[in-house]
Structure formats: structure tokens, C-alpha cells
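This report examines a protein together with the DNA strands beside it. Please keep the sequence and the structure in view while reading.

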Amino acid sequence: MPIPRSFYKRSTVLVARDLLGAVVRHGPLAGRIVETEAYLGEADEAAHSFAGLTRRTRVIFGPPGHAYVYLSYGLHCCLNFVAEPDGRPGCVLIRALEPLEGLDQMFLRRPRARKPRDLCSGPGKLTQALGVTLEHYGADLTRGPLTVEPGESGGFDIGVSTRIGITRSAELPLRFFIRDNEHVSRR
DNA sequence: CAATAGATCATCT
DNA sequence: GATGATCTATTGC
């Protein structure tokens, strides 16, 4: 059973932290979330939604529990989950997964990968490994084909740091990751 | 191992 | 016409 929409209808920071350990599934492909970043609606200049409501950011202002996918640097898709109640902006960037199921197919999608660690240890890598594209923009995470399932909660320490790869609002501690997990990006 | 350059395009001004 | 919430190969130590 996918995680219910009520899970996402909370503050973006809580959703980002609590997503650690949950499982992202796309058909036979699945991975455990080990690293996330929160992008807030207000007072966060790094968030795409900071620019206001546009065609690209419209889903971020919509109901929670949907996918926000965007193209990064013209090459990579990045996967986010929309949080906060309907009408309020906020989303969580999925930065890294621990591959669980369908490793064979992931290796086929990522020919350069040598080890399992190379498959999903970055926001652009995991979308390529899972086959997530711009077509998943707005997809309902409670229904599929892209879903999020509860994982084994607890049993790990949560680390907090500043976010990676941004210039504005760079000092905010909005990156969450599972401590000592080797699939976290930029180890 | 660290630093750097190049690829490449949807979106917004 | 400018701008990236990135990845990879390559260079140089």
C-alpha cells in the first residue's frame, strides 16, 4: 500500500525527514530513500516556487502527494514530491536511493555504472536508473505507476546539513540523509 | 584524490 | 538570450 496523501500534507521539512527509509517504486524497480532536500515556499530563494506560480511550478502549489519532475542542465531529470496542503508551495527533492529491486534493469539504463553504488547516488542518476522522466510530471504518488511505500522506519541515524549545488539560501539546514549509508551522494 | 570543463534544453524574462 | 536543485570524463598532482 502506498503512503497516504495525509503523509505529504504536512510541513515540507517534516516530510523530507520522514521520507528517509521509505521505498520509491516504479514497476519492478524499487529503491530506499537515503537522502532528501526540502525546498520551501517562502523565505527560500533556492526553491523553484520562489519565482511564483508558472507553468513549471504549478504542481508545487497544488495538492500534496504528487511528483514534481524538472529537467536539470538540459540533461537530467530530478524527482521531487509535493508537500504542504493544497494551495501552499513546498516540495522534497529525492537525492539518493539505495537500490532494492530490479538492479539488472537499472544497470541496463545506466551503462556507465560499475557498482550498485553508482546506480542511484544522485538526483540525476536515480531518475535514469528508475526510468523517471518529464512524463511523470504531476503523477499521483498514491496510485502509480510511480509510488512510495513505507519502509522500515528507524534503525538509522539521521544527518542534517546544508543543501548541495545551490547558491541562494545556501545556509539553510534542509538536507537530510541516513548517516553512514554508502548510497548517499557526495560521500 | 581534487579540480575543471563540456554536454544540452525546458523554462522564464 | 540567460539560466541552472547535474553527471561524466579528463586532467593534473
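## The surface near DNA strand B

DNA strand B is surrounded by Thr54, Arg55, Arg56, Leu71, Tyr73, Gly74 and Leu75. Of the atoms of DNA strand B that come within 4 Å of the protein, 70% belong to sugar and phosphate. Sorted by class, this surface comprises three nonpolar, two polar and two charged residues. The model is a predicted one, and the values in this report are computed from it.

Which parts of DNA strand B lie opposite polar backbone atoms of Arg56, Tyr73 and Gly74? For Arg56 the partner is a phosphate oxygen, at 3.0 Å. For Tyr73 the partner is a base oxygen, at 2.5 Å. For Gly74 the partner is a sugar or linking oxygen, at 3.5 Å.

## The surface near DNA strand C

How many residues surround DNA strand C? There are 20, and the closest are Tyr70, Tyr73, Asn80, Arg110 and Gly124. By class, the surface near DNA strand C has eight nonpolar, eight polar and four charged residues. Of the atoms of DNA strand C within 4 Å of the protein, sugar or phosphate accounts for 55%, and bases supply the rest.

Tyr73 appears in both descriptions: Tyr73 is listed around DNA strand B and is among the closest residues to DNA strand C.

The table gives polar contacts between side chains and DNA strand C.

| Residue (N or O atom of the side chain) | Atom of DNA strand C | Distance |
|---|---|---|
| Ser72 | sugar or linking oxygen | 3.4 Å |
| His76 | base oxygen | 3.0 Å |
| Arg110 | phosphate oxygen | 2.6 Å |

The elements that give two or more residues to the surface near DNA strand C are β3 (67–72), β4, β5 and α5. These elements are considered in turn below.

## The strands β3, β4 and β5

Strand β3 is largely enclosed by the rest of the structure, because five of its six residues are buried. β3 and β4 run antiparallel and are joined by six bridges. One bridge pair can be located by name: Tyr68 has Asn80 in β4 as its partner. The two strands form a hairpin with three residues between them, and Tyr73, in the turn, has a positive phi of about 55°.

Strand β4 (residues 76–82) also pairs with β5, in the antiparallel sense, over three bridges. Here Phe81 has Val92 in β5 as its bridge partner. Strand β5 (residues 90–101) is mostly covered, with nine of its twelve residues buried.

Another antiparallel pairing involves β5: strand β2 (residues 29–40) is paired with β5 over ten bridges. In this pairing, Ala30 stands opposite Glu101 in β5.

## The nonpolar cores

Which residues have the most contacts inside the largest nonpolar core? They are Tyr8, Leu19, Ile33, Leu79, Phe81 and Ile94, in a core of 41 residues. Leu79 illustrates how such a residue is surrounded. Leaving aside neighbours within four places in sequence, Leu79 is in contact with Ala67, Tyr68, Val69, Val92, Leu93, Ile94, Leu126, Thr127, Val132 and Leu146. A second, separate core has twelve residues, including Tyr39, Ile60, Phe61 and Tyr70. Tyr70 is also one of the closest residues to DNA strand C.

## Helix α5 and the loop that follows

Why is α5 described as largely enclosed by the rest of the structure? The reason is that six of its eight residues are buried. These buried residues are Pro123, Gly124, Leu126, Thr127, Ala129 and Leu130. They pack against β1 (23–26), β2, β4, β5, α3 (103–109) and α4 (117–120). Among them, Gly124 is also one of the closest residues to DNA strand C.

After α5 comes Gly131, whose phi is positive, near 75°. Thr133 lies in the loop between α5 (123–130) and β6 (146–149). Is Thr133 buried or partly exposed? Thr133 is partly exposed, because its relative accessible area is 31%, whereas a buried residue would have under 20%. Not counting residues up to four places away in sequence, Thr133 touches Val69 and Cys77. Pro173 lies 40 residues from Thr133 along the chain, and the C-alpha atoms of the two are separated by 28 Å.

Key: Residues are numbered from 1 along each chain as its sequence is written. Chains are lettered from A and ligands numbered from 1 in the order in which they are written. This is a predicted model: local features need pLDDT of at least 70, side-chain atom pairs count only at pLDDT 80 or more; totals for chains, interfaces and linings use all residues. Side-chain values use heavy atoms; hydrogens and water are left out. Helices (H or I, at least four residues) and strands (E, at least two) are DSSP runs, numbered from the N terminus. Buried means under 20% relative accessible area, exposed over 50%, partly exposed in between (1.4 Å probe, protein chains only). Contact means heavy atoms within 4.5 Å. A nonpolar core is a set of buried Ala, Val, Leu, Ile, Met, Phe, Trp, Tyr and Cys residues joined through side-chain atoms within 4.5 Å. Two strands pair if DSSP finds at least two bridges between them. A residue is near a molecule or strand if one of its heavy atoms lies within 4 Å of it. A polar contact is a pair of N or O atoms within 3.5 Å; within protein, one must be able to donate a hydrogen and the other to accept it, and residues adjacent in sequence count only if both atoms are side-chain atoms. Ala, Val, Leu, Ile, Met, Phe, Trp, Tyr, Cys and Pro count as nonpolar, Asp, Glu, Lys and Arg as charged, and the others, Gly among them, as polar.
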